[in-house]
Amino acid sequence: MKNFQNYAVLRKLFLTLSFLLIVCEAANAQVYIGSTFGFTSRKDAGGVSKKDFKFVPEIGYQLNEKVYVGTNLGYRRIGDATNSGFTYACDKYISFGIAPYIRYNLYQNEKVRLFADGVVSVWHAKYKGLQNAGEQTGKNIDGNRWTAGIRPGIAYDATLHFSFMAKIGWLGYSSTKLKGYKATSTWNTDVDTDNLSIGFLYHF
């Protein structure tokens, strides 16, 4: 039943996005595609290497000079989530998700744009090797996570069709539900380089 509810949420998000894209096309909006990437490698006090990899394809429409609408399809893998700001520490964290957004240009000149994305996302995650979890310690558990918040970024329009982009920071709300556990919710602000991703956009 819970899996059915999760699929229903994803289906509603997909249908909403499809409707928005149809409206944008009718308004002669400009379509774009692209992707951002993020990678962090660091060692803790014990010399253990920790790696965080993110790959986020993106598609959307530019409605006018200031407003864009689109979605991200994300993949994230953390080799050791002991100290990664997660509610549940684990040996490995893997997630897949969809994140529709509305982007607004806060400032722009001929080449540079500063923007903020208003994002709602739904993720399915696998927590492998839970830590400090009582009887569940060492086990693998699936969970679902959704977030809502604002993410700032900067873009450089190198040509008429090609742009470089960077996103850093996060201000928002998240809720995580693991199988067999109560849901946990948090408000957080994150502006460190672990939340940095860079990439590109191609405007048709």
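# Close-up views of a predicted model

**View 1. Asp117 and Arg103 form a salt bridge, with their closest N and O atoms 2.6 Å apart.** The two residues sit on distant parts of the chain: Asp117 belongs to strand S5 and Arg103 to strand S4, 14 residues apart. Both Asp117 and Arg103 are buried. The structure is a predicted model. Six salt bridges are counted in this model.

**View 2. Asp117 also meets Lys167 in a salt bridge.** The N to O distance between these side chains is 3.7 Å. Here strand S5, which holds Asp117, is linked to strand S7, which holds Lys167, across 50 residues. Asp117 and Lys167 are both buried. Which residues make up the network of salt bridges? Glu58, Arg103, Asp117 and Lys167 are linked in it.

**View 3. Arg113 pairs with Asp157 in a salt bridge, the closest N and O atoms being 3.0 Å apart.** Arg113 lies in strand S5 and Asp157 in strand S6 (residues 141-157). The two are 44 residues apart, so this pair too links distant parts of the chain. Arg113 counts as buried because its relative accessible area is 5%, under the 20% cut-off. Asp157 has a relative accessible area of 16% and is therefore buried as well.

**View 4. The largest nonpolar core holds ten residues.** Its members are Tyr32, Tyr68, Ala99, Tyr101, Phe115, Val119, Ala155, Met165, Trp170 and Leu201. Strand S4 (90-108) and strand S5 (112-130) each supply at least two of them. Apart from this core lies another, of eight residues, including Ile78, Ala125, Ile141 and Leu178. In soluble globular proteins, nonpolar side chains tend to be buried together.

**View 5. Tyr68, a member of the largest nonpolar core, and its contacts.** Which residues does Tyr68 touch, not counting those up to four places away in sequence? Its contacts are Tyr32, Tyr61, Gln62, Leu63, Tyr101, Ile102, Arg103, Asn105, Arg113 and His203. Among them, Tyr32 and Tyr101 are also listed in the core. Arg103 is the salt-bridge partner of Asp117, and Arg113 that of Asp157.

**View 6. Strand S10 (residues 196-203) has a covered face and an uncovered one.** Ser197, Gly199, Leu201 and His203 are on the covered face. Leu196, Ile198, Phe200 and Tyr202 are on the uncovered face. In a regular strand the side chains alternate between the two faces of the sheet. S10 pairs with strand S7 (residues 162-168) in the antiparallel sense, over seven bridges. Ile168 stands opposite Leu196 of S10.

**View 7. Gly180 sits in the loop between strand S8 (170-178) and strand S9 (184-190).** Is Gly180 buried or exposed? Gly180 is exposed, because its relative accessible area is 75%, over the 50% cut-off. Gln136 is 44 residues from Gly180 in sequence. In space, the two are 9.6 Å apart, C-alpha to C-alpha.

**View 8. The whole chain has one helix and ten strands.** Along the sequence the pattern is α-β-β-β-β-β-β-β-β-β-β. Of the 204 residues, 40% count as buried. The accessible surface is about 11,800 Å², with 64% of it belonging to carbon and sulfur atoms. The mean pLDDT of the chain is 80, and 74% of its residues reach 70 or more. Among the elements, helix H1 (residues 2-26) has the lowest mean pLDDT, 56, and S7 the highest, 93. Where pLDDT is low, the predicted coordinates should not be read in detail.

How values were computed:
Residues numbered from 1 in each chain as written. Heavy atoms only, no water. Buried < 20%, exposed > 50% of the residue type's maximum accessible area, 1.4 Å probe, protein only. Helix = DSSP H or I, 4+ residues; strand = E, 2+ residues; numbered from the N terminus. Pairing = 2+ DSSP bridges. Core = buried A, V, L, I, M, F, W, Y, C linked by side-chain atoms within 4.5 Å. Contact = heavy atoms within 4.5 Å. pLDDT = per-residue confidence, 0-100. Areas by Shrake-Rupley, 256 points an atom, 1.4 Å probe, with all protein chains shown as cover. Salt bridge = Lys/Arg side-chain N within 4 Å of Asp/Glu carboxyl O.
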